[in-house]
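Colleague: I'm new to reading models like this one. Please pick a single part, take me through it closely, and explain the terms as you go.

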Amino acid sequence: MSSPFIDARTAVAVGRSTVPPGPVPAPAAMAELVDGLRSAAAASVAPAVAVTHLDLPPDADPQAAVVDRATWVEANATMAVALLARATGGPLPTPATLRERAAARVNGAQLGGVLALLGTRILGQYLPFGERPRLVLVAPNIAGAEHELGVNRADFRLWVCLHERTHHLQFAHAPWLRDHLAGRVGEFLADDEPDTATHRGHPRSLVDVVATPRQRAVFDEVGAVMALLEGYAEVMMDRVGPEVVPTVGVIRERFERRRRRGGVRAVLNRVMGLDVKLAQYAEGAAFCRAVIDRVGVDGLNAAYGGPGLLPRPDEIREPGRWVARVHA
């Protein structure tokens, strides 16, 4: 598969123009929200380091950017292009023909539309790709979630920041991880092997329908890594306990109820592939808890020692196999 043509400006324009602004508090409430999120981001460093046993490098930026939905969309469009460039070994090709320029705009518009939908849901994110990795918090979405859930605002903001701070620590502790993930994406894009075999059974996702066998294998391997990253953050944001987040139990219970809600939200999850991400949360968290029970947090952190120590797809489902391989 050749390098994709994507018009980043189209992606940003479509995404910014179609994402709704979301809840916009009054000026005083907005100032309190922004200050509260910045304070929570700063306060998340020490407890995240304590529970993960992963240090934040001295030169790492502990600050978080508090953004609106449109800015989040633009940041992710830029990151997506940066990831694809990294995955394909250089800048994305400049479309030369009319057909290529049209394809670039169509791809950009599709990316912008997807990000506009996701931009209404994301609370926070650590952006590892691009010129400068950074942590962002989406103020309207956090404001809407804490109102909907009826939770303690300060606790909820710190809880959200702990999740994203854990991702920050993961990538800071394993600087090779960015290139590893980009390389796997590059392998996925580079595989042109025709798949003439009929897919057996019920496909789990669109990837199962259109991908080659090798691409499906790479997709599953990347999925295992994402399950580790997401499940690890899920476990650690709760391990801080009520000493740090007094209402953590209430927040988790209400947040999980919100995740499992049916109706339009469930349909959107399927359409956007978020049900796969939710499965990664659950599988990854179960894997991390099982490994911690056997070899502790430091034993689980061995996964960040190099690509060969990352859990494989079968090991995510059977944590004992990873423990036996890595800690033999």
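Modeller: Let's look at the small sheet and what sits against it.

First, some ground rules. This is a predicted model, where local features need pLDDT of at least 70 and side-chain atom pairs count only at pLDDT 80 or more, while totals for chains, interfaces and linings use all residues. Residues are numbered from 1 along each chain as its sequence is written, and side-chain values use heavy atoms, with hydrogens and water left out.

The protein has 15 helices and three strands (DSSP runs numbered from the N terminus: H or I of at least four residues for helices, E of at least two for strands). Those three strands make an open sheet with mixed pairing, in the order 1-3-2 (two strands pair if DSSP finds at least two bridges between them). Strand 1 (64–67) and strand 2 (124–127) are the edge strands with a single partner strand each, so one side of each has no neighbour in the sheet. On average, neighbouring strands here are turned by 25° against each other, direction ignored (axes are lines fitted to C-alpha atoms, for helices over the stretch in contact, and angles run from 0 to 180 degrees between N-to-C directions).

Now take the two pairings in turn. Strand 1 runs parallel to strand 3 (residues 134–138), and four bridges join them. Across that pairing, Val67 sits opposite Val138 of strand 3. Helix 6 (residues 139–149) packs on the sheet, where it touches strand 1 and strand 3, and its direction makes about 50° with that of strand 3 (contact means heavy atoms within 4.5 Å).

The other pairing goes the opposite way: strand 2 and strand 3 are antiparallel, again over four bridges. They form a hairpin with six residues between them, and Gly130 in the turn has a positive phi of about 110°. Tyr126 has Leu135 in strand 3 as its bridge partner.

Let's stay with strand 2 for a moment. In a regular strand, side chains alternate between the two faces of the sheet. Here Gly124 and Tyr126 point one way, Gln125 and Leu127 point the other way, and all of them are buried (under 20% relative accessible area with a 1.4 Å probe, protein chains only; exposed is over 50% and partly exposed is in between). For the bigger picture, 47% of the 328 residues in the protein are buried.

What lies across strand 2 and strand 3? That's helix 7 (residues 153–173), which runs at about 10° to strand 2.

Aromatic rings come into this part too. Rings of Phe, Tyr and Trp (its six-membered ring) pair if their centres lie within 6.5 Å, with planes under 30 degrees apart called stacked, over 60 edge-to-face and the rest tilted. By that rule there are six aromatic pairs. In one of them, the rings of Tyr126 and Phe171 have centres 6.0 Å apart and planes at 40°, so the pair is tilted. Tyr126 belongs to strand 2 and Phe171 to helix 7, so this pair ties together parts that are 45 residues apart in sequence. Both residues, Tyr126 and Phe171, are buried.

So when you turn the model, find Tyr126 and follow its links: it is the bridge partner of Leu135, and its ring pairs with that of Phe171.
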